[in-house]
Amino acid sequence: MPHMEVDLDTRIPNNVNLKGDKRLLRALEHWQPQFIEWWKEMGPSDFNADSVYLRTAVGVGKGGWAHFDHVKMPDYRWGIFLAEPTDDRKIHFGDHVGDQAWDQVPGEMRNRLRRLIVTQGDTEPASVEQQRLLGHTAPSLYDMRSLFQVNAEEGRHLWAMVYLLHVFFGSDGRDEAEELLARRSGNADKPRILEAFNQPVETWLDFFCFTTFTDRDGKYQLASLAESGFSPLAYSTQFMLTEEAYHMQTGENGIGRIVHRTGELMREGTDPRKVGAIPFDIIQRYINFWASMSMDLFGGEDSTNAAEAFAMGLKGRYRESDGIYKDPKALGQNYKLSVPKNGGMTEQDVPLRRAMNSLLLDAYVADSTRIVNRWNRDLERLDMDVRISLPDKKFHRGQGVYAGYWFNPAGERITEEEWNAHRDDWLPTEADSAYVKTCMISVREPGKFANWISPPHQGTNEQPNDFDYVRFH
Amino acid sequence: MIDFHTHPDRYRHWNLSIDGAVATLTLAIDQDQPFAPGYELKLNSYDLSVDIELQDAIRRLRFEHPEVAVLTATSGIERIFSAGANIPMLASSTHPFKVNFCKFTNETRLQLEDAARTTGITTIAALNGLAAGGGYELAISCDEIYLVDDGNSAVSLPEVPLLGVLPGTGGLTRLVDKRKIRRDLADCFATRAEGVRGKKAKAWGLIDDYWPKSKFADNLSERTTAATIESPPRSDGPGIELGEVLARKTADGFEYDHVGVTIDERVATVTVQTPTQPEPKTPEDFLAAGDSCWAIRAFRELDDAICQLRFCHDEVGLLLLKTRGSIDSVLAVEETLATHKDHWLVREIVALIASVLRRWDLTGRSLFAVIDGGTAFGGLLFELALGCDRIYMLDDPDNPTEVAIGPLSAGSLPMSNGLSRLESRFLRDPDHAARLAAERPRADASEANDLGLVTVLADDLDWDDELRLAKEERASLSPDALTGMEASLRFGGPETCDSKIFGRLSAWQNWIFTRPNATGEQGALVCYGRPETASFDWRRT
């Protein structure tokens, strides 16, 4: 690894010494206009001329990635930043445990690694596409800024993956980098790779659910790649994680503020529907939908692909490097997986390596449960009896061992008839969607918020709530 | 016993629908209905039960639906055409089962190609999702391949990089021999587990075209309609229905109406009975008789018997072929077939017989024809004898024997190498083969011997002992060496795509299947899906 000096003077800010690699610089400079073109077409394009108070990464050290300024989004300095390299990095899991970590891609892993990177990379522009019209219905300038911050950083995450594709994967990698800009979320002919990234994000309730649950999948995927024996991928994803935390925070606070607002209204005896706020049952259904879609992103609970990625040292367990697992090879152990059998369920022993997706999903579920509990503590403080819940991991799954079977949100196996009878209690209906859309009104006066969401406890970068986060041209 | 017979009403994995001249076979494998318990048929991965249905569907299209001009194979499962043969099934199977499974699936693919060649049906693989391994091998058996272009769907042969074995259903051979893919590109393709998607797949010749999802159905229907005009249906129909052919168990084997099998430890005797009823004389008679005529019935029975012996009696190493009945009756049937061979139904009957004869040729057991008294080795049945490794003939004036060459032996019943059995037998003297085919001699024992049609001629004094010695000697030899030796000797002369597929399957794949690098404790096939990673013995031959 070359020393990580930050270069902000080139067209592509970076700390990977782009200047010193003319071939790579040329390749990325060729890709950059395509990216800008994509952003102008598929990003939040109606706001290109407005100045947004954005955080831009100018370095990877403490504080270096949190430099705030008003910028026009197309001028945002998308760049390439890798976390500071660690000296003498060793592979710490899988079959190669103890070996020197790789600075180059081992030949036999090239295709698999490329697939991992492409799949991760594909989600970044996808979410920008999904969210491109939300700016028009932002409930406040504060939230509009958050949305654009998330969008810009997803764009940067795409850059991070594209950098890896260009440097380490030859012409295949360059082709894939172009494909990342050619696919379109929700387009039947050119869909994004993963299903959750083809779902429309039409309202801010969807957006906050997405950033809470879908971006949290991103966190866990990135975290498992941050353990990778392939150091450039590890450094890249480690730095992406610092930004991802903000996205999840946006979601968690967003839902929290909606829950709080609805709770407030109900405590004072106001029917939320009468005043353009969102009833709890609708919030719960949206959570059910997005949480279950996001759990699908973890892949099969019993997966040979996951086993191989672990064995090869490409994808580790969550916080693997913290030494919290007994056996870094994960051999000779089983994972107890509950699987549908006949009319009921049965426990199946799955070799631990094949259950890597399950382990990651369990960590995700535990994390998500903590978030839901926070919302419930607020409801408790408001003296409300209602509680939000996270659907069980078996509920409404389209991937993995539970797909094709019917479960209620508590995770109990039910019949198809029962499912049909209750589907509208558990998942958003057309009427829900129509109602939530009526709530989505644009609020652009600094310090004002739409009636369905509470103001945040504090502004961004310690600015007051009535700060002009977005300056319209 | 295995039930090789099924019916579209009972299919669990395929759906056969017919709309005018277009038949569509839709693969939606029921993962909970595998051939044997112990694995799930995930992602449209197939096992023997799936292929039995496919073979049934192809045969039925040929006999029951002459109005069909185009066959489209597609998937009923989102995003996946087929993931190929089921790997847990392969990994847990015995070596003989693996080999016979591969052989059977290869034969089914060849029947698909034969349907295109002989019957004139245009076969189209409509890949509406990933086609991996055997999934792509099924596609490449079709005349045309169209792949959905959704950014995800690919064609692939991942066996080498993922499983440490070869694509087992003719994939590699068809790449270079049938689709004539450049060898270096084929090399890249076969080592790239994730496969190749639309644009590149077309550029490399792996598919004929790729279409976006929204246009896939329309473009496909446009193509199938055009194909029905390019190669119109054989007949307006109706066809004839194929009934069941079921074996009945006997004390020492199993039997059908015209075929019987007796098993004595490692030797099985297969006896074919010539027609006993009046047989059809015209195409109209054949249409009226349906599947009950001898030519269809006897060979379907023999086909089933061969499959039963292959799959259920792997300890049987030597098959003795005998016939009973009248040489005239079998020659009469053949004469009718030869006279009307341009009628669609007669052409199908001859094609069926030819495919059963090839299955006989390709059976990995020693095959001896035993021409003893009262036998009926004429025409079609003498073809069976010509398919054997040796022909023993009794020379006894009190118990005369004769053989006869029929009109179809002149090239209507080709072997996998494209030659007739006479041509294959007399590679050294092609004129002799041509003369025999043209003159169609009917010969007694010594004449047959003079014509080179007999391996061992024995008089009544020596006959029993000769046979006993032959059996005992054969039984003492290594079964593996015999399998290899017989396969090497049976298919002299030129190679075809078909013969190469079986040759390479028997040689390379079977070798790889038994090597520790595939099936040892640390072998790639064994380790696939397990937590352990394969480790190889790196020495190359």
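Which residue in E2(A) is the bridge partner of Tyr53(A)? The partner is His70(A). This report places that pair in its sheet, then turns to the helices and the chain contact.

## Model and confidence

This is a predicted model. The predictor gives the complex an ipTM of 0.74. The pTM is 0.85. For chain B, the mean pLDDT is 94. In that chain, 100% of the residues reach 70 or more.

## The sheet in chain A

Three strands of chain A form an open sheet. Their order is E2-E1-E5, and the pairing is antiparallel. Strand E2 (67-72) and strand E5 (470-471) are the edge strands, each pairing on one side only.

Strand E1 covers residues 51-56 of chain A. E1(A) and E2(A) are joined by six bridges in the antiparallel sense. The Tyr53(A) and His70(A) pair is a bridge to E2(A). A helix crosses this sheet: H3 (residues 141-168) of chain A lies across E1 and E5. H3 runs at about 50° to E1(A).

## H5 against H9

Helix H5 of chain A spans residues 204-225, and helix H9 of chain A spans residues 356-381. They pack at an angle of about 135°, with axes 10 Å apart. H5(A) is therefore oblique to H9(A). The crossing of H5(A) and H9(A) is right-handed.

From H5(A), the contact uses Thr212(A), Phe213(A), Arg216(A), Asp217(A), Tyr220(A) and Ser224(A). These meet Leu360(A), Ala363(A), Tyr364(A), Asp367(A), Ser368(A) and Ile371(A) in H9(A). By class, the contact of H5(A) with H9(A) has six nonpolar, three polar and three charged residues.

## H6 against H9

Helix H6 (residues 231-267) of chain A also packs on H9(A). The angle is about 25°, and the axes of H6(A) and H9(A) lie 10 Å apart. That angle makes H6(A) roughly parallel to H9(A). The crossing of H6(A) and H9(A) is right-handed.

H6(A) contributes Glu252(A), Ile255(A), Gly256(A), Val259(A), His260(A) and Gly263(A) to the contact. H9(A) contributes Ile371(A), Arg374(A), Trp375(A), Asp378(A) and Leu379(A). The contact of H6(A) with H9(A) divides into five nonpolar, three polar and three charged residues. Ile371(A) appears in the contact with H5(A) and in the contact with H6(A).

## Where the chains meet

The contact between the chains takes 19 residues from chain A and 15 residues from chain B. On the side of chain B that touches chain A, six residues are charged, five are polar and four are nonpolar.

Key: Residues are numbered from 1 along each chain as its sequence is written. Chains are lettered from A and ligands numbered from 1 in the order in which they are written. This is a predicted model: local features need pLDDT of at least 70, side-chain atom pairs count only at pLDDT 80 or more; totals for chains, interfaces and linings use all residues. Two residues are in contact if their C-beta atoms, placed from the backbone, lie within 7 Å. Ala, Val, Leu, Ile, Met, Phe, Trp, Tyr, Cys and Pro count as nonpolar, Asp, Glu, Lys and Arg as charged, and the others, Gly among them, as polar. Axes are lines fitted to C-alpha atoms, for helices over the stretch in contact, and angles run from 0 to 180 degrees between N-to-C directions. Helices (H or I, at least four residues) and strands (E, at least two) are DSSP runs, numbered from the N terminus. Angles under 35 degrees count as roughly parallel, over 145 as roughly antiparallel, 65 to 115 as roughly perpendicular and the rest as oblique. A crossing is left-handed if the near helix is turned anticlockwise from the far one by less than a right angle, and right-handed if clockwise. Two strands pair if DSSP finds at least two bridges between them. pLDDT is the predictor's confidence in each residue, from 0 to 100.
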